[in-house]
Amino acid sequence: MHQRINPSKIMQIGMGFWASKVVLAAVDFQLFTLLSGGKKDAHQIKQALNLHDRGLYDFLDALTSLGFLHREGILETARYSNAEDVEMFLVKGKPTYIGGVLEMANHRLYDFWGSLEEGLRTGKPQNESKLTGKSLFEALYADQERLEEFLKAMSGVQMGNFVAFAQKFDFTPYKTHCDMGGAGGALALLVAKFNPNISSISFDLPQVEPIANKNINASDLVGRVKAKSGDFFKDQFPQADVITMGNILHDWNEKDKVFLMTKAYESLNEGGAFVAIENVIDNDRRENTFGLLMSLNMLIETDEGFDYTKDQFDTWAKESGYQKTELMPLTGPASALIAYK
């Protein structure tokens, strides 16, 4: 008997922005932070977040239906609390908070993705650069507040992958590590924290160094982790046993990817490893939906960036001089691609 064909997948995905915007609005209101550790009724939530009666129950019950909230009672008798994963990952101030990337998605990406058709027709980015003529990084790095939001978002969304990599990768043969494009220093700090034999450098543009130094100084790793500033296209990479790039290679075209991997090869000590942490697309380009959508996000955000498969990475690694490669799955759709000198 043939399986009955129905349109539920079409409607769920086609209208998916409804659910997305409800969650993004809840993060923006800091609803989950408000509900942390306790239950509140709709009136208390309305007062605290300055919401209107109309839509209030639909908003809270939609979040319940989506699995973001738990609810006891109904309507006037309802009391709401966070689901377990929301309590862990969407309460501001917790070290496990990943809402930064959702805040950034709400403030920036949500509107930009509205121009996806134009991006697909023109091949040009659909972000701030449309108005300013500047690249994503020029625009972001010119505005300290937006830069801090962007860097928090990037480290927040990558934190699980960085922890997994710092724990899973065998650092025992090595002594030095450098994270290129290290933003606020998250990966350098985690590598040093989980591997006492390692000294780490977080390398990024000069505007980022004060942010990285603030995070380093707040840790107990001062002395073993340092921030260094420069431009990885113009300046030599610091010499190290392991060089990492977390969500960096996908910002650039193929020629620039090979250029950066070659520069890493030249700065690695013999037997060292270059590691790209990305949402690596499966070689058959069928399964890692998030990786494929991230590549479309690079169309929205960058001039020529794209995400890639392990087969593509292997080609570039060979071209750059590396001896062998391997793929290490991390969390969710992300993996570490490792190339050894």
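This is a short talk on the sheets, cores and aromatic pairs of one structure.

Thanks, everyone. One caveat before the tour. This is a predicted model.

Start with the bigger picture of the strands. There is an open sheet of seven strands, in the order E6-E5-E4-E7-E8-E10-E9. The pairing is mixed. Which strands stand at the edges? They are E6, residues 225-229, and E9, residues 324-329. Each has a single partner strand, so one side of each has no neighbour in the sheet. On average, neighbouring strands here are turned by 20° against each other, with direction ignored.

Now go to E7, residues 240-246. Is it buried or exposed? Seven of its seven residues are buried, so the strand is largely enclosed by the rest of the structure. Look at its two partners. On one hand there is E4, residues 176-180, which runs parallel to E7 and is joined to it by three bridges. His177 stands opposite Val242 of E7. On the other hand there is E8, residues 268-278. E8 also runs parallel to E7, with six bridges between them. Val242 turns up again in this pairing: its bridge partner in E8 is Ala273. Keep Val242 in view if you are following along on the screen.

How do we get from E7 to E8? Through helix H14, residues 254-267. E7, H14 and E8 make a right-handed β-α-β unit. H14 packs on the sheet and touches E7 and E8. The helix direction makes about 145° with that of E8.

Next, the E9 end of the sheet. E9 and E10 pair in the antiparallel sense, over six bridges. Met328 has Ala336 in E10 as its bridge partner. A second helix to look at is H16. H16 lies across E8, E9 and E10, and runs at about 150° to E9.

On to the packing. The largest nonpolar core has 25 residues. Which of them touch the most other members? Leu249, Phe274 and Phe313. The elements that each supply at least two residues are E4, E7, H14, E8, H16 (310-320) and E10 (335-340). H14 gives the most, with four residues. So much for the list; let me zoom in on one member. Leave aside the neighbours of Leu249 within four places in sequence. Leu249 is then in contact with Lys257, Leu260, Met261, Phe274, Ala276, Glu278, Tyr308 and Phe313. Note two names in there, Phe274 and Phe313, which we just met as core members. Apart from this core lies another, of 22 residues. Its members include Ala26, Leu35, Ala42 and Val86.

Now the other sheet. This one is open, with three strands in the order E1-E3-E2 and antiparallel pairing. E1 (40-41) and E2 (69-72) stand at the edges. Each has a single partner strand, so one side of each is left without a neighbour in the sheet. E1 pairs with E3, residues 79-82, over two bridges in the antiparallel sense. Asp41 has Arg79 in E3 as its bridge partner. Helix H5, residues 56-65, packs on this sheet. H5 touches E2 and E3, and its direction makes about 115° with that of E2.

Last topic: the rings. How many aromatic pairs does the structure hold? The count is 15. I will show two. Phe29 and Phe59 are edge-to-face, 6.0 Å centre to centre, with 85° between the planes. Phe29 sits in helix H2, residues 16-29, and Phe59 in helix H5. The two are 30 residues apart, so this pair links distant parts of the chain. Phe29 is partly exposed, at 34% relative accessible area. Phe59 has 14% relative accessibility and counts as buried.

The second pair is Phe232 and Trp252. This one is edge-to-face, at 6.5 Å centre to centre and 85° between the planes. Phe232 lies in the loop between E6 and E7, and Trp252 in the loop between E7 and H14. The pair therefore ties together parts that are 20 residues apart in sequence. Phe232 is buried, with a relative accessible area of 13%.

One more item on rings. Phe165, Phe169, Phe171 and Tyr174 are linked by ring pairs into a cluster.

That is the tour. Over to you for discussion.

Key
Residues are numbered from 1 along each chain as its sequence is written. This is a predicted model: local features need pLDDT of at least 70, side-chain atom pairs count only at pLDDT 80 or more; totals for chains, interfaces and linings use all residues. Side-chain values use heavy atoms; hydrogens and water are left out. Two strands pair if DSSP finds at least two bridges between them. Contact means heavy atoms within 4.5 Å. Axes are lines fitted to C-alpha atoms, for helices over the stretch in contact, and angles run from 0 to 180 degrees between N-to-C directions. Buried means under 20% relative accessible area, exposed over 50%, partly exposed in between (1.4 Å probe, protein chains only). A crossover is right-handed if, with the strands pointing away from the viewer, the path from the first strand over the helix to the second runs clockwise. A nonpolar core is a set of buried Ala, Val, Leu, Ile, Met, Phe, Trp, Tyr and Cys residues joined through side-chain atoms within 4.5 Å. Rings of Phe, Tyr and Trp (its six-membered ring) pair if their centres lie within 6.5 Å; planes under 30 degrees apart count as stacked, over 60 as edge-to-face and the rest as tilted.
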